[in-house]
Amino acid sequence: QMHESTLFAMDTFMFIGAGPAGTAGGIKITTMFALLAIVAAVIRGRNQAVVFGKSISSEVAQQAVAVVVLGFILVVTSTISIMFLTHFTLSQTLFEVFSAFGTVGLSTGITPLLNDPSQLILIALMIIGRLGPITVATALAFAPSASKISFPTERPIIG
């Protein structure tokens with residue numbers, strides 16, 4: 001019964017999730033805050049993001065971008081997959097996917113009506129959302145080998 005804009009706002013909050021010490025899933029508030037600080041620094045033409053008199057290291061900046069991008073790719077892929085497998089609307093499907101990724105527990109009421117593959121997608125999202133996209137990606141990746149090759153640096157045009 002909620003308006004589409006209310007559902008979308010809740011989707012956004014569920015994607016972000018809670019604080020890093022909590023049990024909720026999502027990308028975490030600190031990750032989003034770091035990303036916003038990085039974007040603000042880029043807009044201002046600064047080399048590093050500074051928050052409350054402290055700079056955000058490039059490693060943290062890269063990790064924040066990776067978490068958000070991996071989370072976004074996961075949510076988009078899951079939404080498209082569930083929509084392909086079922087007949088539900090984008091708004092309903094997005095809400096279920098964001099709720100699963102954020103381990104929120106809310107629903108538009110379609111979860112019991114989903115087929116088994118769609119429910120398995122939501123289960124996987126709950127696990128990945130709780131552990132964190134970077135943790136899961138790191139666990140699934142092969143151990144990096146030390147490279148003895150140094151590649152030249154390139155500055156592609158961004159934006």
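Ser118 is in contact with Ile82, Leu85 and Thr86 once its neighbours within four places in sequence are left aside, and this serine belongs to helix H5, which covers residues 116-131. The model is a predicted one, and the points below start from Ser118 and Thr86 before turning to a nonpolar patch and to the chain as a whole. Ser118 has a relative accessibility of 0%, and it therefore counts as buried, the limit for that class being under 20% relative accessible area.

**Thr86 and its surroundings**

- Thr86 is placed in the loop that runs between H3 and helix H4, the latter spanning 90-101.
- With a relative accessibility of 16%, Thr86 falls below the 20% limit and so counts as buried.
- When residues up to four places away in sequence are not counted, Thr86 touches Leu114, Asn115 and Ser118, and the contact with Ser118 appears again in the list of partners of that serine.
- A polar atom of the Thr86 side chain lies 2.7 Å from the backbone oxygen of Ile82, and Ile82 is also one of the residues in contact with Ser118.
- Thr86 and Val50 are 36 residues apart along the chain, and their C-alpha atoms are separated by 46 Å.

**The nonpolar surface patch**

- Val65, Val69, Phe72, Ile73, Val76 and Ile80 together make a nonpolar patch of about 520 Å² on the surface.
- Val65, one of the members of this patch, is found in helix H3, which comprises residues 58-85.
- Val65 has a relative accessible area of 36%, and it is therefore classed as partly exposed, a class that lies between the 20% limit for buried residues and the 50% limit for exposed ones.

**The chain as a whole**

- The protein chain contains 6 helices and 2 strands, and read from the N terminus its elements follow the order α-α-β-β-α-α-α-α.
- Taken along the principal axes, the C-alpha atoms of the protein chain fill a box of roughly 50 × 35 × 35 Å.
- The protein chain has 159 residues, of which 31% count as buried; Ser118 and Thr86 are among the residues with that label.
- The area exposed by the protein chain is about 10800 Å², and carbon and sulfur atoms supply 68% of this area.
- Considering contacts in the protein chain between residues at least 6 apart in sequence, 54% of them join residues that are at least 24 apart.

Key
Residues are numbered from 1 along each chain as its sequence is written. This is a predicted model: local features need pLDDT of at least 70, side-chain atom pairs count only at pLDDT 80 or more; totals for chains, interfaces and linings use all residues. Side-chain values use heavy atoms; hydrogens and water are left out. Patches are made of residues with over 30% relative accessible area and no salt bridge: like charges are joined within 9 Å, nonpolar side chains (Val, Leu, Ile, Met, Phe, Trp, Tyr) within 5 Å. Accessible areas come from the Shrake-Rupley method with a 1.4 Å probe; for residues, only the protein chains shown count as cover. A salt bridge is a side-chain nitrogen of Lys or Arg within 4 Å of a carboxyl oxygen of Asp or Glu. Helices (H or I, at least four residues) and strands (E, at least two) are DSSP runs, numbered from the N terminus. Buried means under 20% relative accessible area, exposed over 50%, partly exposed in between (1.4 Å probe, protein chains only). Contact means heavy atoms within 4.5 Å. A polar contact is a pair of N or O atoms within 3.5 Å; within protein, one must be able to donate a hydrogen and the other to accept it, and residues adjacent in sequence count only if both atoms are side-chain atoms.
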